[in-house]
Number of protein chains: 2
Amino acid sequence: MRAVVMHAPRDVRVEDRPEPRIQKPTDAIIRLAATCICGSDLWPYRGADEVSEPLPMGHEYAGVVEEIGADVHDIEVGDFVVGSFFASDNTCEICRAGYQTSCLHREVLGTGGGAQAERMRVPLADGTLVATPAMPDADLIPSLLAASDVLGTGWFGAVAAEAGPGKTVAVVGDGAVGLSAVLAAKQLGAEKIVLFSRHADRQALGREFGATDVIEERGDEGIAKLKELTGGLGAHSVVEAVGTHESMHQAIGSTRPGGHVGFVGVLHDVAITGEDIFMTHVHLHGGPAPVRRFLPELIDLIWTRRIDPGKVFDLELPLDEAAEGYRAMDERRATKVLLRP
Amino acid sequence: MRAVVMHAPRDVRVEDRPEPRIQKPTDAIIRLAATCICGSDLWPYRGADEVSEPLPMGHEYAGVVEEIGADVHDIEVGDFVVGSFFASDNTCEICRAGYQTSCLHREVLGTGGGAQAERMRVPLADGTLVATPAMPDADLIPSLLAASDVLGTGWFGAVAAEAGPGKTVAVVGDGAVGLSAVLAAKQLGAEKIVLFSRHADRQALGREFGATDVIEERGDEGIAKLKELTGGLGAHSVVEAVGTHESMHQAIGSTRPGGHVGFVGVLHDVAITGEDIFMTHVHLHGGPAPVRRFLPELIDLIWTRRIDPGKVFDLELPLDEAAEGYRAMDERRATKVLLRP
């Protein structure tokens, strides 16, 4: 089958790879209806994460179940399913507390997960996959694919930041996750949603998703602008959707005393001191989003066409043109690239 | 009047100082029934914080109102009152959200607050002070004094860590604040309360306050012991009541995924990286405790003799012997020293 493999930074190839097979009785094999390129795939692409061996790429997926192991009971062959980038049993104490990405038996489908392919193996299928009510209309597939990662991650960021009615929510980062956090904040009932963005197209989608205000400045200037908008106090809830030292500090600085930072950008070289968190009285919470916690609700919102998160995909390519997709995201010609196997 | 002044590290004197006077119409003057020495007073005493000018010490207080400014309406002359180490208006948006120590009009009575004295001025008296129902019996005064800081701080730590029914709570730090956090966790309904302590007398008081288990090991060994006690998972709620890099990392390492760290030790030289907080899925929240939020409830618990937090005082001295009190705490001969003006 055809699959995307990263051999080195900026060296992404579509190659023939062995068909995935059931390895454990809890596995399922799915045929991808669509897959995509993640912002986090750009870390190794740009050389920020090491590529020590050829990596089968991709961890976002939606598709049809073709085969199941003997111990899979809740998912059936023929189901259309969406799953998360970490496989989880969804029964351990940590899963039941809503942290499936820290499942005691989790299997990581991170970078190197092999979802940018025609087919893939999903471990712990019963705990990981959620089936749609029926085969989806074609136009719903991008949104269902978004639920697999960027929407679920933005949603967790908004929940971790305690976005809700009466709250002012600020979002640092205007990539697909940040834009999804705007959508989530809107759904969660936030009163005011401020997007930090300096790209006209992303600002436009942010406003369509629910942003009430846009701030183009960054760092201390951005924080000052946000404080102007919030009576000098800062936001109740701030979602950090980038992962750098600067963006994390912009998020903390944008939060009012007692407010909440939900951080979902994969943190790289971030240092936080006692001064950052002691006198500021912020709450900090985040990490790899337990997308599985939210999937049933997100699928329902998409199925009933109350949200359209698939709009974050602004470039669609055949799987064979994946290398061009990586280039487009690296050069910021695209926010998020959908690949059709 | 007599008052404690720190001139340099390890140079604490009791001197004649000018009587405090009403400076603003929102001030009150109180005569101290009792005051005490705080663990945070040891930072300058040990040279860890600079002493650039003679510091009138003390920020924990309970006593009788002797004079009020023209704009004080809720507190009357003759009231017995307890207040917090930060003066707050208790009406601004941040106060109403429960973060009086970040009050928009706060006045800091931190180290250098002048409460180790016969009398003191309290700014923003209506917002800062809470009166007891009547003049307290003498045996209640240590507990009411404890509410002013260590109890309120330990309580906030337990609340920030989301201690509650069904939870396992671990407390890092067996000083007066840590012991108060044990008491708070018990009151909040925690199922299991683990105190990290290697001092027999503090372990004993910890058990009296509600600790179900004691761990003598620190650092990675302490974390390993705690995990043994919690089915490998770690605690739901961890209170950090020391403030060092090591204690903060012991707290984070002791917390299960999705669990909460409430940190109330004044952080010194703490560095937190993305690795510490991203894959661990912990919540972090803390800072200077908004004691004022809890004072009405704490006073009621003390007044009705349901808690006896005054037991943290294991040495009582006349104010004139304050220097000996500092030595005793510095040398760990005493956990917490009460001073009688």
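**Helix H5, the chain pair and local features of a predicted model**

In this predicted model, the buried residues of helix H5 of chain B pack against six elements of that chain. Three are helices: H4 (141-148), H6 (176-187) and H11 (291-303). The others are strands E14 (235-240), E15 (255-263) and E17 (283-286). H5(B) itself spans residues 150-160. Of its 11 residues, 10 are buried, so the helix is largely enclosed by the rest of the structure. The buried set begins with B:Val150, B:Leu151, B:Gly152, B:Thr153 and B:Gly154. It also includes B:Trp155, B:Phe156, B:Gly157, B:Ala158 and B:Ala160. Just after the helix, B:Glu162 adopts a positive phi of about 55°.

The two chains were then compared. Chain B superposes on chain A after a rotation of 180°, with 0.0 Å of shift along the axis. The RMSD of this superposition is 0.0 Å. Such a relation is that of a two-fold axis. The contact surface was examined as well. Of the interface residues of chain B, 97% are also interface residues in chain A, so the copies meet through the same surface.

In chain A, an unreviewed UniProt entry lists residues 176-287 as "domain: Alcohol dehydrogenase-like C-terminal". Over this stretch the chain is 41% helix and 27% strand. The C-alpha atoms at its two ends lie 17 Å apart.

Chain B also contains an open sheet of three strands, in the order E2-E1-E4. The pairing is antiparallel. Strands E2 (11-16) and E4 (55-56) of chain B stand at the edges. Each has a single partner strand, so one side of each is left without a neighbour in the sheet. Strand E1 of chain B covers residues 2-8 and pairs with E2(B) over six bridges. Within this pair, B:Met6 stands opposite B:Val12 of E2(B).

One loop residue of chain A was examined in detail. A:Asp27 sits between strand E2 (11-16) and strand E3 (28-36) of chain A. Its relative accessibility is 0%, and A:Asp27 therefore counts as buried. Leaving aside residues up to four places away in sequence, A:Asp27 touches A:Arg21 and A:Ile22. Further along the chain, its contacts include A:Ile68, A:Gly69 and A:Val72. Another group of contacts is formed by A:Arg121, A:Val122, A:Pro123, A:Leu124 and A:Ala125. A polar atom of the A:Asp27 side chain lies 2.8 Å from the backbone nitrogen of A:Gln23. A:Met135 is 108 residues away from A:Asp27 in sequence, and their C-alpha atoms are 21 Å apart in space.

Technical notes. Residues numbered from 1 in each chain as written. Chains lettered and ligands numbered in written order. Predicted model: local features only at pLDDT ≥ 70, side-chain atom pairs only at ≥ 80, totals over all residues. Heavy atoms only, no water. Buried < 20%, exposed > 50% of the residue type's maximum accessible area, 1.4 Å probe, protein only. Helix = DSSP H or I, 4+ residues; strand = E, 2+ residues; numbered from the N terminus. Contact = heavy atoms within 4.5 Å. Least-squares fit on C-alpha atoms with pLDDT ≥ 70 in both. UniProt positions renumbered as here; feature names shortened; annotations may be inferred. Pairing = 2+ DSSP bridges. Polar contact = N/O pair within 3.5 Å; in protein donor to acceptor, adjacent residues only side chain to side chain.
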